[in-house]
Amino acid sequence: MFDRHRWRVIGGVALICLAGYLGVSHRVWASPPQPAADRADTSQVVMDADFPPPVVDNRPVSKVHSTLLRRLEEVGEGERVKAWVLFADKGIASQEQYRASLGELATKYNVRATKRRRQRRTLPGLFDVHDLPVPDRYVNAVAATGADLRVTSKWVNGVSVMGTTEQFEQIAELPFVKVIQPVRRGRRIYPEDLGEQQADTWGPDASQTAGGTFYGQSEEQLAQLNLIAVHDMGYTAAGVIIGILDTGFQRSHEAFKEQTHPLDVIAEYDFVDNDPDTSSEPGDPSGQHAHGTAILGTLGAFKPGLLVGAAYDASFILCKTEDTTAEYPAEEDNYVAGLEFIEANGGDVATSSVGYINWYSQDDLDGLTAVTTVAVNIATGNGVHCCNAAGNAGHDTNPTTSRLIAPSDALEVIACGAVRHTGVIASFSSDGPSADGRVKPELLARGVDTRTVSSYNDTGYTGANGTSLSTPLVAGAVACLAQARPEWTVDQMRSHLFQAADYYVANGTFDPLYIQGYGILNALATLPLLDCNNNGIHDSIDIDMGISNDCNGTGTPDECEMANCPPQDLSCQDCNGNDNLDECDLADNDCNNNRIPDDCEVPPVDPDAVDCNENGIPDECELTGNDCNDNSFPDDCEVPPIDPTGPDCNNNGIPDDCELDCQPNGIPDDCECVPVDAPQPELWVVAKNRYLSCRPGSNGCRTALVVTFADLPAEFAEFEGQALWAGPPQEFCENAGYDLPPEEGCGPAPGLEGLTMLAARLQCEPYYTDWGALGTIHLYHEGIVPSGTYIIEALDEGCDETRGQDYSAPLTISTSRWGDVVDNCTTNPCGPPDGTVNVTTDVTAVLDKFKNLEGAPAKARSDIDPNRPDQIINMTDVTYVLDAFRGFDYPFEPGPAPPCP
């Protein structure tokens, strides 16, 4: 058996190493926080901005956490337990691979999330190792042990699995596994259930207007936070996205379906049942949705005169992470997955009224150890304002004891306690500090009889108790402030909130008993004047009267965003000096999608930029289809008049070095007549009945082939002396069973797969192509007849087709008599046609081929059916040879004259 004390020390060190790998370390508030703008950044985030090497720990300790071992012993042999399998690295082999992976990720990440990171991220860069996926080969290796995969988390770099002792032993042998530890669980953290009996405590029959106020029942709890005054200033969380992690959400209540103001849910996912529906589903217990619905109502309800939420104009991301059917309904792997989902979908604020303490002790709540805590640290580092309930375990007056839950101990989460409507601390509100001495809880809001929607009656309203209900009130205030000051980092938001809270204002410090933190949140005092440009006029009035611009609709004058713009945030710069935020100049003015207006990337704004054609577009945006020589210089900048020395001999706007130059002599063929090689015959195709077969030369150049009818039989005298051009080559199938080529190409013929011929029909207009790359070409047309003589020549594309002297040397080819297939077949292969039709050679050759005898002559010589240029031997081929042997006339009439002028 393991020594439990020894394991605790070693395991704690291992987990701290893990937290270091994940990019976090802890911080202690030694004194009340100062405004972020007035002090240096005290964040001690540990993160290699480039390639993160794996954590190396050569101590001979078990990878299996002692708590998991005890849990496995409790359940017995062969029973399964849920545990985290955490990996030592992301499988990145080099710094180059790491940079490439981040670069690819940056092109695909959610635009809204990327913008938030630009505004508020405090970790180096915009993306890091946490954003890279868990390697598939690691996950597959774990699954191969038979363990049941549940959740994969890129942030904690691991997977949660259901496994047995034997399976975890196999997993521990994998070299890339760092540690295996239990998935911690938690209980609901409010003392009173939201039961059916509370559903109609204050419904439409009681007081329709609650004294005629807009907010109805929620007025008192919002006024306690001075949040209504902030709403009156126009900050109602419009444009802000809030993510909620909870039990599920029933959105059929009237306060979520107001016709003129319905609840806006932009994304949702059920991490319990692994589906995209967070509402009540078949198989769910009747109360599964109750807790989450209450939280959502506190934030987003909108039923004027009855109940209006703290952030009623916000949009929401809903995450169902808690399973109420289990004894321990909350499991931290679902929480981590949900938080990643909120961040990846562009969430600005995340609020959670669940927590985890089972299998953790208060000593573990040091801001580094619990998996959910580590995940929150990553989320806040990415600029997500996170709020979490401190817990409902009560408090005492001893400042050295604590009753917190994870992840309320996270470094920059806002841990929320609860007060009554009078401002007195609720008896159940948990106390701190964190294990490393930080103030917890930090802010307070109403958590006794907090008014919200009924989870069981779509027209009812109710009250509930717990830090569960105070937390969404704090989150709603944070969302409204985030609308007013979207540029505030998480640390800045916390600092301003803490200094405006009532205990700090009254005492100049936090509660030394670690019960009340900095006191009750005061939203209005957090934004004391909102006169960022110091002109004595409230910012909202500045904007409404047109004194200041607000092109991005944030509620902050543009000049203030420019003045406070961090160097790494490109969106709030004013690179072109037009008094407009760059992000407002990007529409149709950011051709390379680098978030910099195009007119900032060309002279005179950027004297070092290149805009060679002075059209106001960066050269890099004009290269597609306009950089034929791949020199990263637009083609139109390499020819006159922009570049007087740029060679463009044919004045077509294309640099000469991009045009065909078959010589090569540096002069495009279009600008000179290039001699080309004459077509050459092949021995076995010299004499044919219907084809002119040649192999054109000058491979690499575009040429045309011209056929002149030099000497034809009397029947075709009208074609004498005319010329036609070879048209586009067409593929014909040999012995594939087709009379004409199918659109999809040649099909297989048994034993002859892939054997084809290229044939080009004669036409009137020249067709230029690289004939030399095609091999042997067969030319055919009605005018090509037996016993005729033809001249084939080639012409370069740059030459004059009307001048015969530009053509290549002529190739003269004569076709054989009709039916003359071979010469002598006493040896194999037979000789070429000899000009006569002979029964012992020509007829026998065709008959042999028709019978498909082994060693028969080449197929092309036996294929003489004039209607089928397909190299298929048919009975008609035999008939034509016999007719010719008997001295019959040609088996077809002359065709019409070529349709050429």
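## Exercises on cysteines and a surface patch

Met545 has a relative accessibility of 60% in this predicted model, and because exposed means over 50%, Met545 counts as exposed.

**Exercise 1.** Locate Met545 in the chain, and state which residues make a nonpolar surface patch with Met545.

*Solution.* Begin with the position: Met545 lies in the loop between α16 (539-544) and α17 (558-563). Then turn to the surface, where Ile541, Met545 and Ile547 make a nonpolar patch of about 300 Å².

**Exercise 2.** Work out the geometry and setting of the disulfide between Cys551 and Cys584.

*Solution.* The S to S distance of this pair is 1.8 Å, which lies within the 2.5 Å cut-off for a disulfide. The torsion about the S-S bond of Cys551 and Cys584 is about 80°, so the disulfide is right-handed. The pair links distant parts of the chain, with Cys551 in the loop between α16 and α17 and Cys584, 33 residues apart from it, in the loop between α17 and β18 (692-694). Finally, Cys551 is partly exposed at 34% relative accessibility, and Cys584 is partly exposed at 23%.

**Exercise 3.** Decide whether Cys673 and Cys799 are buried or partly exposed, and explain why Cys387 is not bonded to Cys416.

*Solution.* Cys673 and Cys799 form a disulfide with their sulfur atoms 2.2 Å apart. Cys673 is partly exposed, with a relative accessible area of 32%, whereas Cys799 is buried at 9%. For Cys387, the closest cysteine sulfur is that of Cys416, and because the distance is 5.0 Å, it is too far for a bond. Cys387 itself is buried, at 2% relative accessibility.

Terms used: Residues are numbered from 1 along each chain as its sequence is written. This is a predicted model: local features need pLDDT of at least 70, side-chain atom pairs count only at pLDDT 80 or more; totals for chains, interfaces and linings use all residues. Side-chain values use heavy atoms; hydrogens and water are left out. Patches are made of residues with over 30% relative accessible area and no salt bridge: like charges are joined within 9 Å, nonpolar side chains (Val, Leu, Ile, Met, Phe, Trp, Tyr) within 5 Å. Accessible areas come from the Shrake-Rupley method with a 1.4 Å probe; for residues, only the protein chains shown count as cover. A salt bridge is a side-chain nitrogen of Lys or Arg within 4 Å of a carboxyl oxygen of Asp or Glu. Helices (H or I, at least four residues) and strands (E, at least two) are DSSP runs, numbered from the N terminus. Buried means under 20% relative accessible area, exposed over 50%, partly exposed in between (1.4 Å probe, protein chains only).
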